[in-house]
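Here is a short report on how the strands pair, what packs on them and which residues line one of the pockets. Keep the structure open while reading.

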Amino acid sequence: MDPELQIDIISELDLVNATVGVTQVAGLHNNSKAFLFQDKEREIHVSPHVAEKVLQLFRNKSEFTFLAAIQQKSSTSGVIFSIHESEHSYFELESSGLRDEIRYHYRFHGKPRTEAFPYHLADGQWHKIALSISASHLLLHVDCNR
């Protein structure tokens with residue numbers, strides 16, 4: 001894949017000792033970097049040049065895939081990833097451990113929409129998530145299962 005068409009958000013964020021409520025921990029694989037997010041009163045932002053690159057990719061492409069490895073404690077809920085500019089939200093992926101579902105929030109013709117996928121993600125185990133969006137198709141894989 002063309003490196004200009006992909007962004008490793010974790011490597012672009014300077015989270016170590018920079019954000020209250022965020023701690024570096026051991027990841028899914030040996031020596032991989034992961035972060036523990038605690039506290040609900042935090043916002044994490046990428047630098048302006050990375051934000052512009054992400055927004056340009058969203059504006060110029062009709063399809064993309066979001067990949068993540070996450071571990072979520074039981075009975076918790078939270079946003080896995082969100083991209084927004086001022087009041088305009090481009091992408092939000094959320095997991096609800098209380099409802100056992102993964103939700104994708106987006107806008108279509110200016111109106112907010114949500115797609116919900118029943119899945120028990122909040123079980124304390126590591127999971128790999130792939131959300132692919134292509135024109136009118138949305139495909140979610142968790143641990144390589146559709």
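## Strand β8 and its partners

β8 pairs with strand β9 (residues 137-142) through 6 bridges, and the two run antiparallel. One bridge pair can be picked out by residue: L131 has L140 in β9 as its partner. The model is predicted.

The β8 and β9 hairpin leaves 2 residues between the strands. A135 belongs to this hairpin and takes a positive phi near 50°.

β8 also pairs with strand β3. Here 9 bridges join β3 (residues 63-71) to β8 (residues 126-134), again in an antiparallel arrangement. To locate this pairing, look for A69, which stands opposite K128 in β8. In general, strands of a sheet pair through backbone hydrogen bonds, either parallel or antiparallel.

## The four-stranded sheet

An open sheet is built from 4 strands. Their order is β4-β5-β6-β7, with antiparallel pairing. β4 (77-85) and β7 (111-118) are the edge strands, and each pairs on one side only. From one strand to the next, the twist averages 15°.

Inside this order, strand β5 (residues 88-96) meets strand β6 (residues 101-108). The two pair in the antiparallel sense over 5 bridges. S96 stands opposite E101 in β6. As a general rule, the side chains of a regular strand alternate between the two faces of the sheet.

## The helix on the sheet

Which strands does helix α2 touch as it packs on the sheet? Helix α2 (residues 48-60) touches β4 and β5. The direction of α2 makes about 80° with that of β4. Of these two strands, β4 is an edge strand, while β5 also pairs with β6.

## The second largest pocket

The second largest pocket has a volume of about 480 Å³. Its lining holds 17 residues. Which of them lie nearest the centre? They are Y104, Y106, R107, I133 and A135. A135 has already appeared above, as the hairpin residue with a positive phi near 50°.

Three strands, β5, β6 and β9, each supply at least two residues of this lining. β6 gives the most, with 4 residues. Two of the strands named here, β5 and β6, are also bridge partners in the open sheet, and β9 is the strand that pairs with β8.

What is the chemical make-up of the lining? The residues divide into 9 nonpolar, 5 polar and 3 charged. R107, one of the residues nearest the pocket centre, counts as charged.

Notes:
Residues numbered from 1 in each chain as written. Predicted model: local features only at pLDDT ≥ 70, side-chain atom pairs only at ≥ 80, totals over all residues. Heavy atoms only, no water. Pairing = 2+ DSSP bridges. Axes fitted to C-alpha atoms, helices over the stretch in contact; angles between N-to-C directions. Contact = heavy atoms within 4.5 Å. 1 Å grid on protein atoms, 1.4 Å probe; cavity = no way out; pocket = protein on both sides within 12 Å on 5 of 7 lines; lining within 4 Å. Points joined across faces, edges and corners; volume = space filled by probe spheres on them.
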